[in-house]
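User: I am new to this structure and would like a close look at a single part, the surface where protein and DNA meet. Please take me through it in one connected answer.

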Amino acid sequence: MAKHPATFDLPLPEAGWRRRFRRRLLAWFGDNARDLAWRRSRDPYRIWVSEVMLQQTQVATVGPYFERFLEVFPTIDALAWADEQDVLRRWEGLGYYRRARQMHEAARAIVRRHGGVFPRDREAVRALPGIGRYTAGAILSIAFDAAEPILEANTIRLLSRLLAFRGDPRSKPGQELLWAMAEAVLPRRETGRFNQALMELGSEVCRNRSPRCDACPVAALCEARRQRIEHQIPVPKAKPAMEQRHEVAVIVRRRGRVLLVRQGDGGRWAGLWDFPRFQVHAENPANLRRELIDNVRGQTSVLIEPGECLRTLKHGVTRFRITLDCYAARYVSGTPNGRADDVKWLRPSDLAEYPLNTTGRKLSRLA
DNA sequence: AACACGGGGAT
DNA sequence: ATCCCAGTGTT
């Protein structure tokens, strides 16, 4: 191992190691690359869509969304001119909906600033909303073979193990080391294929729970393997305590229509529609009923008569485990608050046209 | 550095 | 039930 810069904890590999690593990795990838939809084209737009969908989202989950999205929005131009509600509708169920809104905004920026052509310039790409260091590197290398490194979940694990890096890979110094490693191993040519090979190996062989070192083409080059500490790397993420929370959603019916509200910017499900939904604190049914009525009135100025609980769903978000009771309610009188854009009485059959979050979609089948 | 952001796959 | 996933942007 070569001498390393003073800022790093560990030495980066020297030239001979890097050469052997690349050769073995690429040979392995030639035999083991999965046939993924976004690997069938080098259109930067398609690569971009796949990379954004794949942010914090598993390959298996993205699968069905990718082709459907591209059927409806086949080009940057098509996406740029689309209605945001339509974009969100195609994203429904994928989560992290900010990604869809930012990609829509970025498409408009590409039309405005770059004539509708995806830019090749690193700074221009990084300037687009929703494209950070990883996604920029991935698109530029995969679409254009630019000499850009990548660092994401799979390669963090792989590179950490290759180096036997015992620190926290999410920390500032950990990130610096691993980005330097990602750059150090990068070849001059075919950087896109190489970066995908890194991710593939990290995903399929250098797995989180049970790494398959017996099937790994670079096991002999792996410092964690040599020390038999591959199971201890990377160190697990600190988990914030889950908080229990109780919410109520209300299906307010009036003359064959149901009341929907649109979530404001910045928070959960921004831009999506939902049934009126509130956090409640009451323990017993009588108080809960009172609280429910007050909440609906407070947010919609609508008087309701709540019926029985239709069903209870449980779901978790980042910090909360939520129990959601869904009530049917009869409209009595009043007018919903808010702009007409944000509050609507919809025919149940029209709910299909509106982007809802996943629990909202489940409840919509009761409406 | 710590958080918020979603939903589902894997064990 | 728990951890994690082809991260980004804000505080």
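Analyst:
**The surface near DNA strand C**

Three helices, α6 (98-114), α8 (133-144) and α9 (153-163), each supply at least two residues of the surface near DNA strand C, where helices are DSSP runs of H or I with at least four residues, numbered from the N terminus. This is a predicted model, in which local features need pLDDT of at least 70 and side-chain atom pairs count only at pLDDT 80 or more, while totals for chains, interfaces and linings use all residues. Residues are numbered from 1 along each chain as its sequence is written, chains are lettered from A and ligands numbered from 1 in the order in which they are written, and side-chain values use heavy atoms, with hydrogens and water left out.

In total, 28 residues surround DNA strand C, and the closest are Leu54, Arg98, Gly130, Thr135 and Met199; a residue is near a strand if one of its heavy atoms lies within 4 Å of it. By character, these residues divide into ten nonpolar, ten polar and eight charged, with Ala, Val, Leu, Ile, Met, Phe, Trp, Tyr, Cys and Pro counted as nonpolar, Asp, Glu, Lys and Arg as charged, and the others, Gly among them, as polar.

On the DNA side, 67% of the atoms of strand C within 4 Å of the protein belong to sugar or phosphate, and the rest belong to bases. Bases are approached by Arg98, with a polar side-chain atom 2.5 Å from a base oxygen of DNA strand C, and by Trp38, with a polar side-chain atom 3.0 Å from a base nitrogen of that strand. Arg157, in turn, places a polar side-chain atom 3.1 Å from a phosphate oxygen of DNA strand C.

Definitions and conventions
A polar contact is a pair of N or O atoms within 3.5 Å; within protein, one must be able to donate a hydrogen and the other to accept it, and residues adjacent in sequence count only if both atoms are side-chain atoms.
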